[in-house]
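Here are a few exercises to work through with the coordinates open beside you. Try each task yourself before reading the solution.

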Amino acid sequence: MPSPVEILPPPPPENVEPIIRVQDFHAAYGPKTVMKDVSFEIYPGEVFIIAGGSGCGKSTLLKHMIGLYEPAGGRLFIDGDDIGPADDALKAKILRKIGVAYQGGALFGSMTCLGNVRLPLEEFTDLPGAAMDAVSMSKLKLVELEHAAHLMPSEISGGMQKRVALARAMALDPKILFLDEPSAGLDPITSADLDSLILSLSRMLGTTFVIVTHELPSIFSIASRVLVLDASVKTSVAIGDPVSLRERSRNAWVREFFSRKGFDHRSDPPLSPGSLS
Ligand SMILES: Nc1ncnc2c1ncn2[C@@H]1O[C@H](COP(=O)(O)OP(=O)(O)O)[C@@H](O)[C@H]1O
Ligand SMILES: [Mg+2]
């Protein structure tokens, strides 16, 4: 019997349908099982964090949630539709509702910032060119980078590049934004600025955020709830708000994960017991 995931506050809101529902999810690469028996729900407007040590499967889970891979077992409902077995037409409908910024997701270096943000509009809409420019500009405005529209990615800072990637992910007004390690490689101050931007976008637009990160300052400043994956047991071990997880988890490794002191902002958290095996 798998041990059940520990559920800490906050409780799910009443009478609100989850926007994402993951049921008994299993992931494998060929014969190698990465994760099993993972179930959780995400509610509209949450800033939901997927956390855990390096290699525990955070990116794998996110890639399944956006339909890049078919699950080895279980189901992943995105706004009511099961993305796992979805055919191309259904997948296109689902993808139209989500925006993604991949881990280290680079901008196209040969295009301006505006050109990068415009790409999803070119791919998914028939808007006239001037309208595409206007929409792209409005997204750059949301991330406070209107002035960088005509600069090349190489001409702006790393923090600004992340914000352009965020603007690109928002190009189609997604209901859900998936971000994989958005602050990787940023210094603590730039990373804190990105966190404030994510929070204000979530409040202003009501967009649901699903963010992979293990960076404690980000987790404590933006998370509604956190799902904790543990590579040593290849499943999720706890879900809840970060303060409850730090103070009250029955799992010592989870409490430790959320209490790391003097952690290096850019490095991975301690490996969980057994994750080297
Ligand atoms: N495309 C792939 N093929 C085979 N194994 C993979 C692939 N991607 C990831 N893995 C393995 O799956 C596990 C989880 O990886 P990943 O989801 O990238 O973890 P995280 O994002 O938490 O660091 C790791 O053991 C990794 O080596
Ligand atoms: Mg990853």
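**Exercise 1.** Which are the buried residues of helix α3 (residues 113–124)?

Solution. Bear in mind throughout that this is a predicted model.
- Step 1: count a residue as buried if 20 or more other C-beta atoms lie within 10 Å of its own.
- Step 2: go along α3 with that cut-off, and you should collect Cys113, Leu114, Asn116, Val117, Arg118, Pro120 and Leu121.
- Step 3: look for what these residues pack against, and you will find α4 (129–142) and α5.

**Exercise 2.** Work out the strand order of the seven-stranded sheet and find its edges.

Solution.
- Step 1: follow the pairings from one strand to the next; the order is β1-β11-β10-β4-β9-β8-β7, in an open sheet with mixed pairing.
- Step 2: β1 (6–7) and β7 (98–101) each have a single partner strand, so one side of each has no neighbour in the sheet.
- Step 3: take the β7 edge, where β7 pairs with β8 (residues 176–180) in the parallel sense over four bridges. Within this pair, Ile98 stands opposite Ile176 of β8.
- Step 4: add helix α5 (residues 158–169), which packs on the sheet and touches both β7 and β8. The direction of α5 makes about 160° with that of β7.

**Exercise 3.** Is Pro182 buried or exposed, and what does Pro182 touch?

Solution.
- Step 1: locate Pro182 in the loop between β8 and α6 (188–205).
- Step 2: count its surroundings: 27 other C-beta atoms lie within 10 Å, so Pro182 is buried.
- Step 3: leave out residues up to four places away in sequence; Pro182 then touches Ala101, Lys162, Leu194, Ile211 and Thr213.
- Step 4: check one of these partners: Ile211 is 29 residues away along the chain, with 7.7 Å between the two C-alpha atoms.

**Exercise 4.** Which residues surround ligand 1, and which helix gives the most to that shell?

Solution.
- Step 1: list the shell: Tyr29, Val34, Gly52, Ser54, Gly55, Cys56, Gly57, Lys58, Ser59 and Thr60.
- Step 2: sort the shell by type, which gives three nonpolar, six polar and one charged.
- Step 3: assign the residues to helices; α1 (residues 58–65) gives the most, with three residues.

**Exercise 5.** How does the radius of gyration of the protein agree with that of a compact globule?

Solution.
- Step 1: for 277 residues, a compact globule would come out near 19 Å.
- Step 2: the protein has 19 Å, which agrees.
- Step 3: for a fuller picture, note that the C-alpha trace spans about 60 × 45 × 40 Å along its principal axes, and that buried residues make up 40% of the 277.

Key
Residues are numbered from 1 along each chain as its sequence is written. Chains are lettered from A and ligands numbered from 1 in the order in which they are written. This is a predicted model: local features need pLDDT of at least 70, side-chain atom pairs count only at pLDDT 80 or more; totals for chains, interfaces and linings use all residues. Two strands pair if DSSP finds at least two bridges between them. Helices (H or I, at least four residues) and strands (E, at least two) are DSSP runs, numbered from the N terminus. Two residues are in contact if their C-beta atoms, placed from the backbone, lie within 7 Å. Axes are lines fitted to C-alpha atoms, for helices over the stretch in contact, and angles run from 0 to 180 degrees between N-to-C directions. A residue is near a molecule or strand if its C-beta atom, placed from the backbone, lies within 6 Å of it. Ala, Val, Leu, Ile, Met, Phe, Trp, Tyr, Cys and Pro count as nonpolar, Asp, Glu, Lys and Arg as charged, and the others, Gly among them, as polar. The radius of gyration is taken over C-alpha atoms; the globule rule is 2.2 Å times the number of residues to the power 0.38. A residue is buried if 20 or more other C-beta atoms lie within 10 Å of its own, exposed if 12 or fewer, and partly exposed in between; C-beta atoms are placed from the backbone.
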